[in-house]
Amino acid sequence: KLVQKELKSANQKFPVFHSDYEGAAVIVEEIEKAKEELEEIDDNFHNLWCLVKDNDIRSSTYAGWVFTSSIRLACEAIQVATMAQKFIDSQKGTNR
């Protein structure tokens with residue numbers, strides 16, 4: 001449902017992809033953003049785990065950052081799925 005909602009919004013703002021190259025470039029950009037968020041989660045969890053092992057109460061701060069980055073990752077994953085669907089829809093509009 002979230003992908004469909006995002007796709008509707010994206011289609012209102014931007015036309016179909018003009019080429020497969022354009023569509024692939026947009027998808028790869030979204031994938032890169034998702035990877036950045038995953039790296040942020042990994043870094044923050046590593047710090048959390050180190051603090052947990054040291055019985056340091058600051059670990060909850062890192063858990064909060066893992067939470068926030070996880071939400072952003074979910075949003076980026078929705079963007080990847082949305083742009084993949086837009087790619088499919090763009091191809092349907094061509095004479096192939």
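# Helices, a pocket and salt bridges

Q: Is Asn55 buried or exposed?
A: In this predicted model, Asn55 has a relative accessibility of 69%. A residue over 50% counts as exposed. Asn55 is therefore classed as exposed.

Q: Where does Asn55 lie?
A: Asn55 is not a glycine, yet it has a positive phi of about 55°. Its place in the chain is outside the helices on either side. Asn55 sits in the loop between helix 2 and helix 3.

Q: Which elements give two or more residues to the lining of the largest pocket?
A: The largest pocket is lined by 15 residues. Elements that give two or more of them are helix 1 (2-13), helix 2 (20-53) and helix 3 (59-92).

Q: Which helix gives the most to the lining of the largest pocket?
A: Three helices each give two or more residues to this lining. One of them gives four residues, the most of any. That element is helix 1.

Q: What is the volume of the largest pocket?
A: Look around its centre to find the pocket. Ala10, Phe14, Val26, Met83 and Lys86 are the lining residues that lie nearest that point. The volume of the largest pocket is about 210 Å³.

Q: How many charged residues are in the lining of the largest pocket?
A: Sort the lining by class. Seven of the residues are nonpolar and three are polar. The charged residues number five.

Q: Is Ala10 buried or exposed?
A: Ala10 is a residue of helix 1, and it is among those nearest the centre of the largest pocket. Its relative accessible area is 9%. Buried means under 20%, so Ala10 counts as buried.

Q: How far apart in space are Ala10 and Gln79, C-alpha to C-alpha?
A: Start with the sequence. Ala10 and Gln79 are 69 residues apart along it. In space, C-alpha to C-alpha, their separation is 9.7 Å.

Q: How far apart in space are Cys50 and Asn11, C-alpha to C-alpha?
A: Cys50 belongs to helix 2 and is partly exposed, at 27% relative accessibility. In sequence, 39 residues separate Cys50 from Asn11. In space, the C-alpha to C-alpha distance is 45 Å.

Q: Which residues form a nonpolar patch on the surface?
A: Take Val52, a residue of helix 2. Its relative accessible area is 34%, so it is partly exposed. Such a patch needs over 30% from each member. The patch has about 280 Å² of accessible area together, and its members are Phe45, Trp49 and Val52.

Q: Why are Glu29 and Lys33 separated by about one helical turn?
A: The side chains of Glu29 and Lys33 meet in a salt bridge, at 3.7 Å from N to O. Glu29 is partly exposed at 40% relative accessible area, and Lys33 is partly exposed at 32%. Glu29 and Lys33 are separated by about one helical turn because, in helix 2, they are four residues apart.

Q: Is Glu30 buried or exposed?
A: Glu30 and Lys33 both lie in helix 2, three residues apart. Their side chains meet in a salt bridge (3.8 Å, N to O). Glu30 has a relative accessibility of 9%. Under 20% means buried, so Glu30 is buried.

Q: Which residues do salt bridges that share partners join into one network?
A: Glu29 has a salt bridge with Lys33. Glu30 has a salt bridge with Lys33 too. Through shared partners, one network joins Glu29, Glu30 and Lys33.

Q: How many salt bridges does a search of the whole structure find?
A: One of them links the side chains of Asp56 and Arg58, at 2.7 Å from N to O. Arg58 is exposed, with a relative accessible area of 52%. Over the whole structure, the number of salt bridges found is four.

Q: How far apart in space are Ile88 and Lys33, C-alpha to C-alpha?
A: Ile88 is in helix 3. At 40% relative accessibility, Ile88 is partly exposed. Ile88 and Lys33 are 55 residues apart in sequence. Their distance in space, C-alpha to C-alpha, is 21 Å.

Definitions and conventions
Residues are numbered from 1 along each chain as its sequence is written. This is a predicted model: local features need pLDDT of at least 70, side-chain atom pairs count only at pLDDT 80 or more; totals for chains, interfaces and linings use all residues. Side-chain values use heavy atoms; hydrogens and water are left out. On a 1 Å grid over the protein atoms alone, a cavity is a set of points where a 1.4 Å probe fits but cannot get out, and a pocket is an open set with protein on both sides within 12 Å along at least five of seven lines; lining residues have an atom within 4 Å of a point. Grid points are joined across faces, edges and corners, and a volume is the space filled by probe spheres set on the points. Ala, Val, Leu, Ile, Met, Phe, Trp, Tyr, Cys and Pro count as nonpolar, Asp, Glu, Lys and Arg as charged, and the others, Gly among them, as polar. Patches are made of residues with over 30% relative accessible area and no salt bridge: like charges are joined within 9 Å, nonpolar side chains (Val, Leu, Ile, Met, Phe, Trp, Tyr) within 5 Å. Accessible areas come from the Shrake-Rupley method with a 1.4 Å probe; for residues, only the protein chains shown count as cover. Buried means under 20% relative accessible area, exposed over 50%, partly exposed in between (1.4 Å probe, protein chains only).
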